[in-house]
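Work through the following exercises with the structure open beside you, and try each task before reading its solution.

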Amino acid sequence: MSTPSESKARPGWLAGRRLGIAWLLAVAVPTAWALAVSDEIGRWTIALGVLASVPCAVLGCYLVLRQLSLLGDAISHAVLPGIALGFLLSGQLIGPAIVAGAMVVGILTAVLTQLLSRLGKVPEDASLGVVFTSLFAAGVLLITHAASDVDLDAGCVLYGLIELAPLESSPIGGIEVPRSFWGLGLVALATLGFVTLLWKELLLVSFDAPLATAVGINATVIHYALMAMVAGVTVAAFEAVGSILVVAMLIVPAATAHLLSDRLLRMMLAASGVAVLCSALGYRGAVALNSSVAGMMAVVAGALFALAVIMAPHQGMLARAITRLRLSLRIAREDILARLYRDEEQTSPVGDEAPAAASVRTRWVEALARRQLRRGGLVSDSASGPPTLTDLGRAEARELVRAHRLWESYLSTHFDLPPDHLHDPAERLEHFIGPGLRAELDADLQAPAADPHGRSIPPERP
Amino acid sequence: MTTSFLTYNTLIVLLGTGLLGANAGLVGSFAVLRRRSLTGDALAHAALPGLALAFLAVGQRNLPAMLAGALVSGLLGVAVISGLRSQTRVKEDAAIGIVLSVFFGAGVVLSRIVQNTPGVGSKAGLDSYILGKTAGIIRQDVFIIGGVSLVSLLVILLAYKEFKLTVFDPDFARVQGWPVLPLDLLLMGLIALAVVFGLPMVGVVLMAALLILPAAAARFWTDRLGPLLVLATAFGLVIGLIGTALSARYAGMPAGPIIVLVGASVFLLSVLVAPRRGVLGRAVAAWRFRRSLDDRAILRRLYDLVEPDLPNLRPIETAGELDRNGTNRRRRGAILARLVRQGALRVEPDSGGTVMTLTEDGLRRARAVARDQRLWEQFLLHAPELAGTMADLSQETAEVLPPDLIAELEQGLRDTGRLPDPGPRGLAP
């Protein structure tokens with residue numbers, strides 16, 4: 001029971017292939033439902049939402065992992081003047097000029113923030129706040145002042161009007177395809193290409209930038225390329241979900257995925273799944289409440305994140321609570337066994353070896369542990385008096401008491417602790433001393449027969 | 001400005017934004033110093049759903065209810081951030097981003113529902129909370145903002161010492177038994193108050209700017225908390241006043257962005273021209289320092305050259321004699337000319353060229369520089385184990401090393417006859 005193999009991290013309640021399939025179903029079923037109950041406009045809206053949010057989610061993984069989430073936030077606010085300038089120069093609301101303008105401003109945000117915190121010695125968060133709010137203010141001013149007579153209003157840029165996007169369409173091969181479909185599709189493809197081509201570089205720079213530099217990858221260039229991509233994706237998505245809610249699509253799916261996986265590719269797939277779900281359920285939610293699609297997408301993202309915080313296989317609060325409960329149950333079981341074993345010894349009064357932990361432990365954990373022991377055949381009830389150990393239980397208990405007393409001897413021999421300081425550390429550690437460590441302790445102490453208190457150390461095997 | 005410009009309404013708006021800026025500058029200082037600049041941003045975004053919910057619950061535009069709603073949901077957002085940070089693997093930056101965007105999304109959803117509610121939608125005016133409308137400030141608002149500012153000021157004055165300690169060394173404060181968490185909560189409450197009352201005027205994003213900009217600008221001018229608070233408050237006041245005045249002057253320009261841009265200008269100006277911490281000030285200091293290093297290098301070399309002939313002062317014949325590591329060949333002409341101007345060197349015509357001679361003053365300076373240099377050399381030779389922590393060759397020994405160690409090093413130099421000594425071997429008459 002106290003073998004080290006058991007104290008290793010258990011796999012979560014969902015693992016490996018089963019998790020993948022469950023995940024696929026969890027994304028596909030609601031999405032299919034949402035597509036099925038929507039009309040054609042609705043389906044296009046969902047498709048556009050997916051195209052806008054999946055690239056954000058994929059790039060967001062890098063931002064979250066590198067703890068640059070707020071730079072993503074800042075860039076998505078700061079692209080506003082870039083959009084406005086691109087619009088003023090080209091006269092088009094969608095097009096390469098706007099994307100280019102946004103990318104330039106995006107890089108500018110990253111550079112200015114770094115410059116301020118390095119040259120000006122402003123704290124990083126403050127310099128980020130200064131840069132993006134100022135750029136945002138300039139953008140709002142540019143839009144309200146210079147572009148007041150055209151259909152580029154602050155509201156559209158801030159909240160996005162994905163509901164209206166499918167209305168502007170042109171027929172391709174008999175099917176009415178929304179205009180923004182092509183732009184968003186192009187950006188999604190570009191993101192895919194960027195991530196695939198620079199996979200190795202991005203991975204290395206994200207997890208170990210000094211190593212990346214050492215093996216000859218220019219971390220600075222990769223960093224700014226990523227920032228430019230974030231800006232590009234942001235500006236492509238702003239029409240769909242609005243510049244402020246782009247932040248939701250950049251950070252929330254990636255943060256949710258980070259709770260679900262420890263591998264980058266899986267994290268990206270999970271983040272994309274969350275993004276798809278946000279689009280599908282966000283649209284249905286908005287229809288149900290007669291409200292904003294972009295806002296609803298953010299709310300769905302938040303709900304999925306909350307779900308992950310609670311339910312994630314390893315990182316979730318539930319899983320961690322279960323792990324903790326398992327551990328305290330095991331310790332409770334082992335303490336009971338050891339107590340019974342010491343009662344059986346009878347050779348010396350229990351004295352300072354009395355279970356101190358038992359008083360702290362809640363009663364129901366103790367009761368549950370007793371029931372598990374009885375079920376497992378480690379303890380049998382006697383008609384009168386306390387329960388007694390079975391042979392199986394006695395063997396387990398012997399290992400534990402042996403570990404306890406060996407550790408006390410070890411502490412006494414090597415650390416010069418006074419006798420009254422030996423029990424507590426041994427009581428805590430006994431649950432984690434496996435057969436290997438017991439053998440080592442035994443060898444180190446030259447197979448002692450008794451512990452410092454004079455009690456005999458039971459042999460490994462009777 | 002003409003009298004017609006300063007109407008009663010304008011005066012009210014000016015007063016309102018000025019007070020708002022001053023209060024934001026005051027409480028924002030603590031947010032910036034505590035590295036919580038962006039928490040204010042998150043708070044501002046998180047306030048939106050509370051506003052809309054309060055509106056839906058009350059059914060009409062009721063300012064106290066809406067502000068209470070905003071306060072509650074803003075603080076809830078901050079609580080979620082700290083919960084995520086401490087309970088999950090989510091890092092602070094992601095937590096801020098998540099709260100900010102999700103709460104804001106909920107706010108957008110709710111305010112759209114409000115707008116779609118027949119009868120009340122247009123009256124809600126929730127849109128103005130995003131970008132702000134300073135023109136809507138009325139007399140009552142000025143009193144409210146004034147009251148909030150007064151409360152903030154009083155709280156900060158009363159708990160000044162405690163705030164100061166938690167701002168600069170929270171761990172020490174905790175160890176000393178100060179209630180750091182309640183103090184932090186109090187601070188968050190003050191920030192939340194400032195944000196919630198500022199939202200209708202300058203809007204969500206720009207409120208964050210108003211919290212950060214004055215404090216970040218003031219930080220360049222002083223290293224002390226008291227002056228920083230005064231300065232940040234003054235900056236906030238000025239930013240609010242000038243921004244409002246500008247937007248009133250040019251019709252059609254929204255005040256919020258203009259206020260922020262004025263703040264950004266003040267900040268930029270501080271970054272550039274603030275003495276000591278400013279970019280220009282630091283560049284000048286670096287330039288001066290480099291110049292003094294150049295001077296010292298040449299003087300040291302000059303002393304090495306004339307030392308064997310002391311007490312007679314040998315003229316240095318060519319500049320070529322100066323070539324050696326440590327002297328900057330490219331800038332040498334300029335350095336020598338500077339030394340001549342300072343009266344440390346004399347240049348005299350000689351057969352076929354010029355010769356340079358150290359003046360009495362120059363010799364004194366050269367000797368001091370050489371002495372310091374040799375003390376450092378001696379230090380590195382004899383106490384290499386201390387060199388890692390104490391050696392700062394850009395400084396003078398007397399400023400870094402303890403006097404008894406210097407005396408010891410001097411004795412070492414004297415024993416080998418290498419101590420530049422103004423005593424018995426001083427200048428010949």
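**Exercise 1. The fold of chain A**

Task: Find what percentage of the residues of chain A count as buried, and describe the elements of the chain.

Solution: This is a predicted model, and in it 46% of the 462 residues of chain A count as buried. Turning to the elements, we find 20 helices and four strands in chain A. As a last step, take the contacts in chain A between residues at least 6 apart in sequence, of which 70% join residues at least 24 apart.

**Exercise 2. One glycine in its surroundings**

Task: Decide whether A:G285 is buried or exposed.

Solution: Begin by locating A:G285, which lies in helix α13 of chain A, a helix that covers residues 264-289. Next, use the neighbour count: 21 other C-beta atoms lie within 10 Å of A:G285, and since 20 or more are needed for a residue to be buried, A:G285 is buried. Then look for its partners, leaving aside residues up to four places away in sequence, and you will find that A:G285 touches A:M296 and A:V300. Of these two partners, take A:M296, which is eleven residues from A:G285 along the chain, with 6.4 Å between the C-alpha atoms of the two residues.

**Exercise 3. Two helices of chain A**

Task: Classify how helix α12 (residues 246-260) of chain A and α13(A) are arranged, using the angle at which their axes cross.

Solution: Two packed helices are described by the angle between their axes and by the distance between those axes. Here the axes of α12(A) and α13(A) come within 8 Å and cross at roughly 130°, which makes α12(A) oblique to α13(A). The crossing in which α12(A) passes α13(A) is right-handed. The residues that make the contact include A:M249, A:P253 and A:L260 of α12(A), together with A:M267, A:V274 and A:C278 of α13(A). Sorted by character, the residues of this contact comprise eleven nonpolar, two polar and no charged.

**Exercise 4. A helix pair in chain B**

Task: Carry out the analysis for helix α2 (residues 37-58) and helix α10 (residues 180-202) of chain B.

Solution: The axes of α2(B) and α10(B) are 10 Å apart, and the helices pack at an angle of about 50°, which makes α2(B) oblique to α10(B). As for handedness, α2(B) passes α10(B) in a right-handed crossing. From α2(B) the contact draws on B:G40, B:L43, B:A44 and B:A47, while α10(B) supplies B:I191, B:A192, B:V195, B:V196 and B:L199. When these residues are sorted, eight are nonpolar, one is polar and none is charged.

**Exercise 5. Where the chains meet**

Task: Which element gives the most residues to the side of chain A that touches chain B?

Solution: First count both sides of the contact, which takes 52 residues from chain A and 46 residues from chain B. The elements of chain A that give two or more residues to its side are α4 (69-90), α6 (124-146), α7 (154-159), α12 and α14 (293-311), and α6(A) gives the most, with 14 residues. Finally, the side of chain A that touches chain B divides into 33 nonpolar, 16 polar and three charged residues.

**Exercise 6. Confidence**

Task: Which elements of chain B have the lowest and the highest mean pLDDT?

Solution: Chain B averages a pLDDT of 81, and 86% of its residues score at least 70. Among its elements, helix α5 (residues 121-124) has the lowest mean, 50, and helix α12 (residues 225-249) the highest, 90. For the model, the scores are ipTM 0.80 and pTM 0.79.

Notes
Residues numbered from 1 in each chain as written. Chains lettered and ligands numbered in written order. Predicted model: local features only at pLDDT ≥ 70, side-chain atom pairs only at ≥ 80, totals over all residues. Buried ≥ 20, exposed ≤ 12 C-beta atoms within 10 Å, placed from the backbone. Contact = placed C-beta atoms within 7 Å. Axes fitted to C-alpha atoms, helices over the stretch in contact; angles between N-to-C directions. Parallel < 35°, antiparallel > 145°, perpendicular 65-115°, else oblique. Left-handed = near helix turned anticlockwise from the far one by under 90°. Nonpolar A, V, L, I, M, F, W, Y, C, P; charged D, E, K, R; others polar. pLDDT = per-residue confidence, 0-100.
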